[in-house]
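Open the model in your viewer and keep the selection panel to hand. The stops below go from the whole chain to single residues.

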Amino acid sequence: MKEIKLPVIKTNGLKRKHLSMDEYLEFVTFNLKHTVDIKSCRKQKRSAACHMPFSIK
């Protein structure tokens with residue numbers, strides 16, 4: 001197999017920012033509001049559900 005030479009990236013690393021609980025809650029609600037279409041998710045769940053009763057004999 002041919003050996004691939006990838007570039008070496010040298011950085012000091014990323015400084016992590018710690019979020020408070022209020023900031024985290026704001027982040028989560030923002031993402032849910034702007035990335036998830038709740039109506040289409042609920043519609044898809046309803047269409048995938050089984051509406052016929054069944055039993056194992």
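Begin by selecting Tyr24, which sits in helix α1, the helix that covers residues 21-35. Keep in mind that this is a predicted model. Show the side chain of Tyr24: its relative accessibility is 46%, and because partly exposed residues fall between the 20% and 50% limits, Tyr24 is counted as partly exposed.

Now add Leu19, Met21 and Phe27 to the selection. Together with Tyr24, these residues make a nonpolar patch on the surface. A surface display of the four should show about 470 Å² of accessible area in total.

Next, zoom out and colour by secondary structure. The protein chain has two helices and zero strands. How does its radius of gyration compare with the globule rule for 57 residues? The radius is 24 Å, well over the 10 Å from that rule, so the protein chain is more spread out than a compact globule. Turn the C-alpha trace along its principal axes, and the spans come to about 60 × 50 × 25 Å.

Stay with the whole chain and switch on the surface. What share of the 57 residues is buried? The figure is 0%. The exposed area of the protein chain is about 7100 Å², and 61% of it is supplied by carbon and sulfur atoms. For the charges, select the positive and negative side chains in two colours. There are 13 positive and 5 negative charges in the protein chain, and their mean positions lie 10 Å apart.

Move to the segment before α1 and select Lys10, which is found there. Is Lys10 buried or exposed? With 77% relative accessibility, Lys10 counts as exposed. Draw a C-alpha to C-alpha distance from Lys10 to Ala49: the two are 51 Å apart in space, with a sequence separation of 39 residues.

Then step to Thr11, also placed in the segment before α1. Its relative accessible area is 61%, so Thr11 is exposed, the limit being over 50%. Draw a second C-alpha to C-alpha distance, this time from Thr11 to Phe30. Thr11 and Phe30 are 31 Å apart in space and 19 residues apart in sequence.

To finish, return to the full view with both distances shown. The Lys10 to Ala49 line reads 51 Å, and the Thr11 to Phe30 line reads 31 Å.

Terms used
Residues numbered from 1 in each chain as written. Predicted model: local features only at pLDDT ≥ 70, side-chain atom pairs only at ≥ 80, totals over all residues. Heavy atoms only, no water. Helix = DSSP H or I, 4+ residues; strand = E, 2+ residues; numbered from the N terminus. Rg over C-alpha atoms; globule rule 2.2 N^0.38 Å. Buried < 20%, exposed > 50% of the residue type's maximum accessible area, 1.4 Å probe, protein only. Areas by Shrake-Rupley, 256 points an atom, 1.4 Å probe, with all protein chains shown as cover. Lys, Arg positive; Asp, Glu negative; His and termini not counted. Charge placed at Lys NZ, Arg CZ, Asp CG, Glu CD. Patch = residues over 30% accessible without salt bridge, like charges linked within 9 Å, V, L, I, M, F, W, Y side chains within 5 Å. Salt bridge = Lys/Arg side-chain N within 4 Å of Asp/Glu carboxyl O.
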